[in-house]
Amino acid sequence: MPTLTINGRSMSVDAANDTPLLWAIREQLQMTGTKFGCGAGLCGACTVHVNGEAVRSCQTMVGDVAGKKITTIEGLSAKGDHPLQKAWIAEQVPQCGYCQSGQIMQAASLLAKNSNPTKEEVVAHMDGNLCRCMTYSRIQKAIMRAATEMRTASAAGNDRRPT
Amino acid sequence: MNKHVKTIAPETTDLSRRSFLVGTAATGLVLGYAGVPGIGDALAAAPANFEPSVWYAISPDGLVTVTCGKADMGQHIASTMAQIVCEELGAKWSDMRVNLASNDPKFNDPVLGAQITGGSWSTMMNFEAMSRAGAAGRIALTEAAAAAMGLPPYFKDELVVRDSMVLHPKSKKQMSFADIVKSGKATKTFTPDELKAIKLKSPDQYTMIGVSVPQIDIPSKTNGTAKYGIDVMLPGMVYGAIVTPPVRYGATVKSVDDSAAKSVPGFIKAVILDDKTQTTTGWVVAVASTYANAKKAAAALKVSYDGGPNAKLSSQSLLDEAKRLQKLDDSGQFFVKDGDVGAALGSAAKVLEAEYTTSINIHAPMEPMNATAEFKGDILHIYSGNQFATRSGAIAAGAAGIDPKFVVMHQMWLGGGFGRRLDADMMVPAVQAAKAVGKPVKVIYTRENDMTMDFSRPLTYQKVKAGVDGDGKLVALSHDVVSAWPTQRWGIPDFLSPSVDKKGPLDAFTVNGSDFFYTVPNHNVRAIKNEMAHNATPSGQLRSVAPGWTFWAVESMIDEIAAATGKDPAQFRISLLDGAGKNDGGAQRLRNTLLAAMGLAGYGTKKLPKGEGMGVACVSSQERATASWTACVAHVAVAPSGEVTVKKLTVATDVGTQVHPDNIRAQVEGAALWGLSLAMYEKATLKDGGIEQTNFDGYTPLRMSQMPEVAVAVIANGEKATGVGEPAVTVVAPAIGNAIFNASGARVRALPITAEAVKGAMKA
């Protein structure tokens, strides 16, 4: 029985190694924030992080992620207060909301590396994530808002650091 | 007798303390908690909830939970209903909660008398009922507070209600909603007539309506906790994956060989659907312990089919048939027949003729279709996000072979609707699989199932003839619309409309919009059913339905006439929107939105480089009786290769009264981008009876990188609230087509617009 490290916890799943990670997360671990959209890596609804990289969990097999650090929307922050989640609320991004876990996880992998992205970098990074409600402009705004907050927080953190 | 069917009247003692309902206009006084078995017991055990209406309850902790009878598919309608109740009730917004209704008829739409969500109808049709429900609660709470404060009843006019408090400024006494409910003194009941007599706030008294309050559902959609149909987990539940035939409709299963599937771990059974509702044909469900195993088993099943009567049909066959039908004089039925079109065309100085087409389009909401079915005692429980609980419950019952009153529909958040979830096909495999294996079954469509078995927007063919007199005045318009009939397929007579020529009912959801607000003295619209398309591609209601194609034809033709008579297309529209006769009111509102969009876009004032152009369109979507007023100016650049870049969409819409300005903007922007996506990027095709596109590689809705600038102007002029979820879908394609013409001289008449078609239409 494969053991997965998800959101900082070690959990064994009753699934064959060739089971898509998506279904192990949703059914075995009953964490349903990660969504099934296309099963082909074309829409991004199932995006999670593996060792900090955004991956499509429908295209990632359970056997390939043993021992790696997996993060889902449920584990992105302790209280749903990651700067992106706060920005998503501030900009009132979601309509149906179904794609938004994937959008947030995809965006989080960008901001983890680049907290000052240009609009072009945001579009290039997010273009694989479909939103059928077409909330794209609010997604962009929310990412920029979160980036600003992260830079401000990090600048404040630097100020406080003893020299 | 089970509790679902029985109407449970609360005991008399309870009645006086906690539960009276002030019914709605359509259903009258309703008592009891018949909707969900067990809920009556649960509520009976929990004392002191105050339920002034079926639409909400106030608990002793002061939280106000509004039950939304409409499907929430991202339009935040649950939050909107709460906002309307909150306005009249006088509650604090942070005390408001929402709950999604079961299919209990007491939650039926007060105007429609059923549970159906579509047509951009919800706000306009529920505004008054929710307002009265809120006001009734406020009156009851105020009187109870007056009694509790020891004030004589005639003091009640001195009480002020706000932020979930009842205050008496003179005596400085106050009482919270929570304390009033706890006191058990809120006992006032209302007859339907008393309810009707309540004086509602006037718009100048609003403190909630018109405010962009935080949507109640949004936080749960940022942390993974919002529960959609696909997220339902029941004890002992197993999973179903469906195997669908290569033919969209009409195939039958000849045999199923499950020998290879038997070696898939967890495989339980292959169930061949016996669908007496005729919603599906030739489907098999592979049931297994997990969805991954069910999919493996489904792939391992060897199913042989008889392809049936549609197995050779293609998009071209449907189009050829549409053209054949249009040419026949006795085809179809008249939806509009004003004046004498034949005579007017005969004496016209100039006659223009054009054919407009739209392709098959697929809804493809991000949450693939799914349903979970569980038989529990006599009751069939269905968990599924659904736009039409009244009909879907009946289809589920039909699939189970039971009376619809034994079906409980548990509504979930919808991972996109767009009209797709008006249909009930997903009920059938879930119900029959659950019945066959004796366990709860969750059936999930693969994206391939979802796309190839969509109840699609039908392929449409429209022929328009226009006659202008010697002064260039439009004197006659003949408009034939040939398509599958999506709403007739439901088999509900109430959704059909009488034809003007009394040739039997027609499906107005194929021609709505063509009865526009332009003044044209001689005007015919013929609705022609394409029986071949109807059978081969069972069609559905795709966001905006008919106005998505009728305005493509009308608004393109209006531009063609303007070009042929040397007029500015915007000015030409304004001259046609003279408000004469039946068009009075609507025409002027539409004219004003057009002017607003023109002004905001800089139409006629902005100098554009060569190869760029602006085009206008204005629409009165959806139905004439539920019209709203939307105009668009599209700004495009056209390359010599025919490649079109949409640089900006400017949309102005007159919504009458805006409940939630930010949400209106979100809906209008999303709708406009849908319009763009349908105009430029989405096309499905039929070949050998099957839909050829199976996933988001072949069927390609708009992505972030394709998004132009979108400017939205919302006109709130105090008229009644209109719908906003759909109209902007319909205005964009013709605005783009007209802009392409102005930029390049190329007139395109087929959706989606391709570079090839634009280049082909350019004058050499």
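**View 1. Helices α10 and α11 of chain B cross within 9 Å.** The axes of helix α10 (residues 389-400) and helix α11 (residues 427-437) of chain B come within 9 Å and cross at roughly 35°. Here axes are lines fitted to C-alpha atoms, for helices over the stretch in contact, and angles run from 0 to 180 degrees between N-to-C directions. Helices (H or I, at least four residues) and strands (E, at least two) are DSSP runs, numbered from the N terminus. This is a predicted model, in which local features need pLDDT of at least 70 and side-chain atom pairs count only at pLDDT 80 or more, while totals for chains, interfaces and linings use all residues. Residues are numbered from 1 along each chain as its sequence is written, and chains are lettered from A and ligands numbered from 1 in the order in which they are written.

The crossing of α10(B) and α11(B) is right-handed (the near helix is turned clockwise from the far one by less than a right angle; anticlockwise would be left-handed). On the α10(B) side, B:S392, B:I395, B:A396, B:A399 and B:A400 meet B:M427, B:V428, B:V431, B:Q432 and B:K435 of α11(B). Two residues are in contact if their C-beta atoms, placed from the backbone, lie within 7 Å. By class, this contact has 7 nonpolar, 2 polar and 1 charged residues (Ala, Val, Leu, Ile, Met, Phe, Trp, Tyr, Cys and Pro count as nonpolar, Asp, Glu, Lys and Arg as charged, and the others, Gly among them, as polar).

**View 2. B:T277 sits in a loop and touches residues far along the chain from it.** Look for B:T277 in the loop between β10 (267-272) and β11 (284-288) of chain B. Its contacts, leaving aside neighbours within four places in sequence, are B:I395, B:G398, B:A399 and B:V428. The C-alpha atoms of B:T277 and B:G398 are 6.2 Å apart, although 121 residues separate the two along the chain. B:T277 counts as partly exposed because it has 16 C-beta neighbours inside 10 Å (20 or more would make a residue buried, 12 or fewer exposed).

**View 3. Helices α17 and α18 of chain B pack at about 45°.** Helix α17 (residues 661-680) and helix α18 (residues 727-744) have their axes 7 Å apart. The two are therefore oblique to each other (under 35 degrees counts as roughly parallel, over 145 as roughly antiparallel, 65 to 115 as roughly perpendicular and the rest as oblique). Their contact divides into 14 nonpolar, 2 polar and no charged residues.

**View 4. Five strands of chain A form an open sheet.** The order is β2-β1-β5-β3-β4, with mixed pairing. Two strands pair if DSSP finds at least two bridges between them. β2 (9-12) and β4 (53-56) stand at the edges with a single partner strand each, so one side of each is left without a neighbour in the sheet. Strands β3 (residues 47-50) and β5 (residues 69-71) pair in the antiparallel sense over 2 bridges, and A:V50 has A:I70 as its bridge partner in β5(A).

**View 5. Helix α1 of chain A is mostly covered.** In α1(A), 8 of its 8 residues are buried, among them A:W23 and A:R26. Their cover includes β1 (3-6) of chain A together with α7 (291-300) of chain B.
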